[in-house]
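Here's a quick briefing on charged side chains and their surroundings. Have the viewer open while you read.

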Amino acid sequence: MANNRRSISLSKAIFTSIFCIFTLLSGHAIANSGGKEASASAGAPTAALEPIIVNLSSFDRYLQIGITLQLAKPEIADKVKLMMPVVRHSLIMLLSGKESTQIQTAEGKNELIDEIKERINRVLDVKEHDGVTDIFFVNFVIQ
């Protein structure tokens, strides 16, 4: 029984270590991308946010999420960069209020996409068709 618990603890430690290394490496890659815009959908401009890690509302799980924004116009990327502290704060507040069961399903993720678009466009003080038009999850891990 004790060996089984040690094995489980060791497995958790190994998984957590690998997860942390992956998180650091993915953050490094985004930081070194120079913030250049890429094309995600039909030449639409995009802006990648640095990964966000939050405790979910029950505090027994956390979410690591990587988000790329599809933008209506290239100049919105400058506004996103300027407002980044407020954008990240708004997203952290939104995400940390979620339960893991709310966002595990495809329906839950689609609802979250709509909420994220609404929050960021509110921060940017633009309408959806003038600001963030879509959200792409490039990483979504609930642990």
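Is K117 buried or exposed? K117 turns out to be buried, at a relative accessible area of 11%, which is under the 20% cut-off for that label. Keep in mind that this is a predicted model. The salt-bridge tally comes to four, and the notes below go through some of the pairs, plus one asparagine.

**K117 and its partners**
- K117 pairs up with E128 in a salt bridge, with 3.2 Å between the closest N and O atoms.
- That pair ties together distant parts of the chain: K117 belongs to helix 5, while E128 lies in the loop between helix 5 and strand 4 (132-142), 11 residues apart.
- The two ends don't share a label: K117 is buried at 11%, whereas E128 is partly exposed, with a relative accessible area of 41%.

**E115 and K98**
- Here the side chains of E115 and K98 meet in a salt bridge, at 2.8 Å from N to O.
- This one also links distant parts of the chain, with E115 in helix 5 and K98 in the loop between helix 3 (84-96) and helix 4 (100-103), 17 residues apart.
- K98 is the buried end, with a relative accessible area of 11%, and E115 is partly exposed at 28%.
- E115 misses the buried label because its 28% is not under 20%.

**Within helix 5: R122 and E118**
- R122 makes a salt bridge to E118, and their closest N and O atoms sit 3.0 Å apart.
- Both residues are in helix 5 and four residues apart, so about one helical turn separates them.
- R122 is exposed, with a relative accessible area of 54%, because that value is over the 50% cut-off.

**A shared-partner network**
- After R122 and its salt bridge to E118, there's a network to look at: D114, K117 and E128 are joined into one by salt bridges that share partners.
- As for why such pairs form, side chains of opposite charge can pair when their charged atoms come close.

**N121**
- N121 is another helix 5 residue, the helix covering residues 106-124.
- N121 counts as buried because its relative accessibility is 5%.
- Which residues does N121 contact, leaving aside its neighbours within four places in sequence? They are V126, K127, E128, G131 and V132.
- E128 is therefore a name to highlight twice: E128 is in contact with N121 and forms the salt bridge with K117, a residue that is buried at 11%.

Key. Residues are numbered from 1 along each chain as its sequence is written. This is a predicted model: local features need pLDDT of at least 70, side-chain atom pairs count only at pLDDT 80 or more; totals for chains, interfaces and linings use all residues. Side-chain values use heavy atoms; hydrogens and water are left out. Helices (H or I, at least four residues) and strands (E, at least two) are DSSP runs, numbered from the N terminus. Buried means under 20% relative accessible area, exposed over 50%, partly exposed in between (1.4 Å probe, protein chains only). Contact means heavy atoms within 4.5 Å.
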